[in-house]
Protein chains: 2
Amino acid sequence: MSKRAYHHGNLKQELIDRGLEFIDQNGVESLSMRKLAILSGVSSAAPYAHFKNKKAFLSEVQNYITEQFTDTLQKTYEMCNDRERVLLELGKSYVLFFRQNPLFYSFIFSHGEIDVNYYPPFQMFQHIVREVLNELYGGKIDEQSIYNKTLAMWAMVHGLAQLYTFPAFRTMDNRNMEDKIEDILSSVTI
Amino acid sequence: MSKRAYHHGNLKQELIDRGLEFIDQNGVESLSMRKLAILSGVSSAAPYAHFKNKKAFLSEVQNYITEQFTDTLQKTYEMCNDRERVLLELGKSYVLFFRQNPLFYSFIFSHGEIDVNYYPPFQMFQHIVREVLNELYGGKIDEQSIYNKTLAMWAMVHGLAQLYTFPAFRTMDNRNMEDKIEDILSSVTI
DNA sequence: ATATAATCTTAGCAGCGTTAAGATTATGGA
DNA sequence: TCCATAATCTTAACGCTGCTAAGATTATAT
């Protein structure tokens, strides 16, 4: 594992980690495989022993972020005992994740490869909306209505998440933000 | 104006037009100034007589698209006589614009330069939400509540617009889509 | 111990954004 | 109408990029 070793020992993971860091600070646009390689103390062609091409590399970084994101939402869901507030808390968690790392948002969602119906964060919304509606109106809600309301709520939260990645919203501190997000989300009703 | 003229005559506009076309078909990622120049029948350095750099060029294309988008929304607003449906129609118009040109969405919104408070489409939402609330609850609505509901509605529509640019939603025909969008948007209430 | 596979370096290709220097053409004032 | 100047274009070049081929080095598995 010495610095002068011919074999790096952990290059693949280091490239991913440095990629994450770079995207977080500078965005994908200016990321280059060569820079990442040099940063990792390795020649500029070395990454191609681990990734087919740049696209495949970025795809792995995307998956990594998506996992972190999903875990964050999952923890929020598990930590919330008040069933009336779970949708609100999930929304706040969703928005805050991308506010903390604004450049992740466009990196993840700009290359349109996700199928929403199988996207874990969306499925979580679906699960919760069903819970909420069941509690409100009993068991007699049709599936179409659940799906529509899920889409509506998810779209609102998702749109708000993008909104808060815009520069005009970067000055706020997080305390204020949480309250504002809550006010916005609770200004409409399912 | 002949093809062999040393001076193109209309290069700046042709570059923008071809840029629009290229982004619409292939996305920004694979756009290069050199290709655009060749496509326009001109040497690869010619564009730099009209644009400071690639970023400035893309910025002009962005503005062009945003103008078209704003005009589309404006026309929808003017054509809708039923005041109870104007918010719904605006939302549908918003979503459909980017569904017709999905690659425009990420191109416009992925580089986070817009200030929502001065973004014409957002201002239109604000205007309409104020109208609707005035009609519903009279003139006694506080500004904060209007702003929150505007953000909520805009975020929902904006998020839905992104949703419908994803591949999984590209198979639907437009008739079905309009109905579905309407169902989704009207599944929540202000 | 040795064959094989994995990992890395070096060198090089074509394409990119951009600039400098110079050629060509349009424009406005004498 | 002529001409200086500005606008527009070409050619050539720089350093950067993604990526590949060929070969060097090291790990692994029999």
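This passage looks at the protein surface around DNA strand D and then at one helix of chain B.

The model is predicted, so local features need pLDDT of at least 70 and side-chain atom pairs count only at pLDDT 80 or more, whereas totals for chains, interfaces and linings use all residues. Residues are numbered from 1 along each chain as its sequence is written, chains are lettered from A in the order in which they are written, and side-chain values use heavy atoms, with hydrogens and water left out.

DNA strand D has 22 residues around it, a residue being near when one of its heavy atoms lies within 4 Å of the strand. Arg34(A), Lys54(A), Tyr6(B), Ser43(B) and His50(B) come nearest. Of the strand's atoms within 4 Å of the protein, 57% belong to sugar and phosphate. Helix α2 of chain A (residues 33-39) provides the largest share of this surface, 3 residues; helices are DSSP runs of H or I with at least four residues, numbered from the N terminus.

Individual atom pairs add detail. A backbone N or O atom of Lys54(A) is 2.5 Å from a phosphate oxygen of DNA strand D, and a polar side-chain atom of Tyr48(A) is 3.2 Å from a phosphate oxygen of the strand. His7(B) instead places a polar side-chain atom 3.4 Å from a base oxygen.

Turning to chain B, the buried residues (under 20% relative accessible area, 1.4 Å probe, protein chains only) of helix α8 are Met177(B), Ile181(B), Glu182(B), Ile184(B) and Leu185(B). They lie on the same side of α8(B), because they cover an arc of only 165° around the axis, taken from the directions from the helix axis to the C-beta atoms.

Conventions
Polar contact = N/O pair within 3.5 Å; in protein donor to acceptor, adjacent residues only side chain to side chain. Helix = DSSP H or I, 4+ residues; strand = E, 2+ residues; numbered from the N terminus. Buried < 20%, exposed > 50% of the residue type's maximum accessible area, 1.4 Å probe, protein only.
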